[in-house]
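User: Please take a close look at one helix packing in this model. I should like a connected account of that part, followed by its setting in the rest of the structure.

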Amino acid sequence: MTLVLDRVGKKVGAQTYIDDVSLSLERGSLNVLLGATLAGKTSLMRLMAGLDAPTSGRVVIDGKDVTGWPVQRRSVAMVYQQFINYPSLSVYENIASPLRVARLPAAEIEARVKDAARLLKLEPYLDRKPLNLSGGQQQRTAIARALVKRADLVLLDEPLANLDYKLREELREELPRVFAASGAIFVYATTEPQEALLLGGNTATLFEGRVTQFGVTPQVYRQPKDLTSARVFSDPPLNTLTARKSGATVALSTGGEARAAGAFAAVPDGEYTVGFRAHHLGFEPLGGDALSIPATVSVSEITGSESFIHLDSGERRFVALVPGVKRFEPGASVTAYLDPRHLFLFDEAGRLVASDLPKAA
Amino acid sequence: MSDVVAIRPALPGNVSDAGQGAFNRALAPSRVNGRTLVMALYLLFLMLPIYWLINMSLKTNTEISTTMTLWPRDITFEHYRKIFTDASWYGGYINSLTYVVINTVLSISLALPAAYAFSRYRFLGDKHLFFWLLSNRMAPPAVFALPFFNLYSAIGLFDTPWAVALAHCLFNVPLAVWILEGFMSGVPREIDETAAIDGYSFPRFFIRIFMPLIASGIGVAAFFCFMFSWVELLLARTLTSVNAKPIAATMTRTVSAAGMDWGLLAAAGVLTIVPGALVIWFVRNYIAKGFALGRV
C-alpha cells in the first residue's frame, strides 16, 4: 500500500496549519516527521489518519481517493504523546478493543493480545487498569493496541516524549523492530533530530506547516536542500554567518579573511550564508585553509564526555561541541576554527549551493 | 400555604433552649474542650429540626398540642400507617416520584448529547448559547407558571406527571448540561479519537467507552435534577389538580375544619426527606465536584 498526500492543505480560520504538502509514503517504510513544536507534525498526522479532512488537496491510498473517508473506514493505528488508554477497561481489554470492534473470533483475539503483550512486556499487567501502571507501561499498552490491529498505516505522534530517557532509549530500539514485521507504513513524529537519525528510514523536515525536504534520513542530514531544512535537522542549532566571496578570498562577517577553499572553491562570487554544525567548530588550529573566528566565551556546559561552548562573535552566537571536558572561563577571548570542507553554503534565497560532504549515505 | 409557613419558625424557637440544656447536661461529665463544644453545638442546631420532625411524627396529636415533650411518651405509628394505606397520601408520593423520575431521565438524556457538543465542538455562538442556557436557571419558576398552565391546559397535558416533568426540564436540562460539560471536558479528546481509530461507531463509543468515564458526572447531574424536581413546589402545584397531585401539595392542603393534623404532617415530612437522603448517599463523594459544575 502507498499513501500519497497530494498538495494537501489545512486551514482553520485565518490560520494555516498545513501548507501545500505533497508526500508519498511506501509500504513497509519508516518515515520520520521532524520539526519543532507547532511545525505541523500532529496536524499532518491527523490528515493522514483521517481524523481531520484537508481543506485542499487529496489523500490517496493505493490509487483510491480517501480524502473524505471517516477514520473508522481506514486501516490506521495511532499512538499519542500523552498516554491515551480507556481508563475503565483492563489492559487486556484495552489491547483487545480494536479486535473486539472488528468482531474477530475470540481465539484469534486472545492469541494476538497475548502476542503483543509478550512483545511489549505487558504480560504481568493484563488484569490491571491502565491508570495503575507506570507511564512507560501505559504507553506500551497504547502501542500494543496499535500493534494488534495490524493496520496499514501506523502513526506515532512523539510517543516517547513523555517518558524518562532510559525507557525512551529502550522503546526507541524496540519500536521499529516491533512494527517492522507488519509491513505497515510507519510514521513517527519527533522534535529531536537525534531521534530521527537513530530511527533511520526516511525523514521529512517540517517548518511552519510545510515539508521542506523529504528523503533518506542520513541524506537529508548531510545534504539539506535549504537553510530551513538544515536548521530543522540540527541540534544543537545550526551555526550561521555570512561570507562574501570575491575571487580567491572570502571575507567573513565575523571579521577576517580566508582563502576560498573547500565548498567556496566551486561557487561564483557573491554573498552566502554559511551554515555549519556545532561539532565542526573546534579550538585546535587547523591547516592553512581553515576559517578562523575570533569570539568570546559566554557559557560552557559540560555533559560528561563532551562540552558545549557558547560563543559570542559580534552579532552572532555560535555553539561549539568539543570532545572531552574543556574548561573555558566566561568572557575569555578565543579563536575558533572551522574546516571549509564541513560547511553548507546557502544563497540569498536560502537554497543550498555547495557543500563538500559525501553525497550518498 | 401561608398558615403552614407561619408555624415553621415557631417550632424550633420553642424547643431549642430546652434541647440545648439537655445536651449540655449530657456532655458535662466528660472533658470538653472548645472545639468539641462548638462542633456539638453546630450538630445540635443542624439536627434539631429533623429530630423534632421525627419526634412529632411518632407522637399522638394530643401529646403534640397539649404538652412539650423531648421524646414521644406515647409512641405511635398511626400517622405512618395512615400515609401508607390512604391512597390520597401515598398517591402523592407516587405522583411526585413519577414526575421526578421522568424529569431526571429526560433531562439527562437530553443533556448528554448537548454537553458533548459543547465540550467537543466549536460552532457559531457556542459560548453565548452555553451561557444563555445557564441564565434560564436564573429566572424564578413563578415566571413560567402561567404560560405553562395555559399551554398545558390547551394541549391536554394539564394534571399529568408529564406536565410537571417537562416544566422542570426548563431548569434541569441547563443545569445538567453545565455539570456534564465540566465532567466531559475532563476527558481527553484523544480518547474519542482513539476509539474512532479503533473502529468504534459513535453511539457505541459513547455508551461503551465515554459514559463509564463520566459516570460520576452523570450521577451528580441526576442527583441535582432529582433534588430540584423533588423540592420544587410552585410549578408542581400549579400544573396539577387531582390526578397528578404531588406530595408537597398534598401536605399543604391538609388543613381541615378540624384543625391541623400535626402528627400526620410530620410523618409525611419525614417520608419526604427519605428519597433525597437516599440519593445523596450514592453521590456523596462527588457532590463537591457537582456544585462546582464538574470543574474541579
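Analyst: In this predicted model, α2(B) packs against helix α14 (residues 262-282) of chain B at an angle of about 130 degrees, and the two axes lie 7 Å apart. At that angle α2(B) is therefore oblique to α14(B). The crossing that α2(B) and α14(B) form is left-handed. On the α2(B) side, the residues that take part are B:L53, B:I54, B:M56 and B:S57. They meet B:W262, B:G263, B:A266, B:A267, B:G269 and B:V270 of α14(B). Sorted by class, the contact between α2(B) and α14(B) consists of seven nonpolar and three polar residues, with no charged residues.

This packing can be set against the domain assignment of chain B, which gives domain 1 (2-76) and domain 2 (81-291). Eleven residues from domain 1 of chain B and nine residues from domain 2 of chain B make up the contact between these domains. On the side of domain 1 of chain B that touches domain 2 of chain B, the elements that give two or more residues are α1 (2-27), α2 (34-57) and α3 (61-66) of chain B. The largest share of that side comes from α2(B), which supplies four residues. By class, the side of domain 1 of chain B that touches domain 2 of chain B has five nonpolar, four polar and two charged residues.

The chain in which this packing occurs has 15 helices and zero strands. Of the 296 residues in chain B, 31% are buried. Among the contacts in chain B with a separation of 6 or more, 81% are between residues 24 or more positions apart.

One local example of a contact in chain B is that of B:N136, which lies in helix α6 (residues 126-136) of chain B. Once its neighbours within four places in sequence are left aside, B:N136 is in contact with B:L170, B:F171 and B:P174. B:N136 and B:F171 are 35 residues apart along the chain, yet their C-alpha atoms are separated by 6.5 Å. B:N136 has 13 other C-beta atoms within 10 Å and is therefore partly exposed.

Chain B also meets chain A: 14 residues of chain B are in contact with 17 residues of chain A. The elements that give two or more residues to the side of chain B that touches chain A are α9 (189-198) and α10 (202-213) of chain B. Of these, α9(B) gives the most, with seven residues. The side of chain B that touches chain A divides by class into eight nonpolar, three polar and three charged residues.

Within α9(B), the residues B:D192, B:T194, B:A195, B:A196, B:I197 and B:D198 are buried. The cover over the buried residues of α9(B) includes elements of both chains: α1 (41-49), β6 (76-79) and α2 (91-101) of chain A, and α5 (87-120) and α10 of chain B. Just after α9(B), B:G199 takes a positive phi of about 105 degrees.

Turning to the partner, chain A has eight helices and 21 strands. The C-alpha trace of chain A spans about 75 × 45 × 40 Å along its principal axes. Buried residues account for 41% of the 361 residues in chain A. For contacts in chain A with a separation of 6 or more, the share between residues 24 or more positions apart is 66%.

Chain A, too, is divided into domains, namely domain 1 (3-226) and domain 2 (239-355). The centres of domain 1 of chain A and domain 2 of chain A, taken over C-alpha atoms, are 38 Å apart. Contact between them involves four residues of domain 1 of chain A and six residues of domain 2 of chain A. The side of domain 1 of chain A that touches domain 2 of chain A comprises one nonpolar, one polar and two charged residues.

To return to the part requested, α2(B) crosses α14(B) in a left-handed sense, and α2(B) also gives the largest share of the side of domain 1 of chain B that touches domain 2 of chain B.

Technical notes
Residues numbered from 1 in each chain as written. Chains lettered and ligands numbered in written order. Predicted model: local features only at pLDDT ≥ 70, side-chain atom pairs only at ≥ 80, totals over all residues. Domains from an automatic or database assignment. Contact = placed C-beta atoms within 7 Å. Nonpolar A, V, L, I, M, F, W, Y, C, P; charged D, E, K, R; others polar. Buried ≥ 20, exposed ≤ 12 C-beta atoms within 10 Å, placed from the backbone. Axes fitted to C-alpha atoms, helices over the stretch in contact; angles between N-to-C directions. Parallel < 35°, antiparallel > 145°, perpendicular 65-115°, else oblique. Left-handed = near helix turned anticlockwise from the far one by under 90°.
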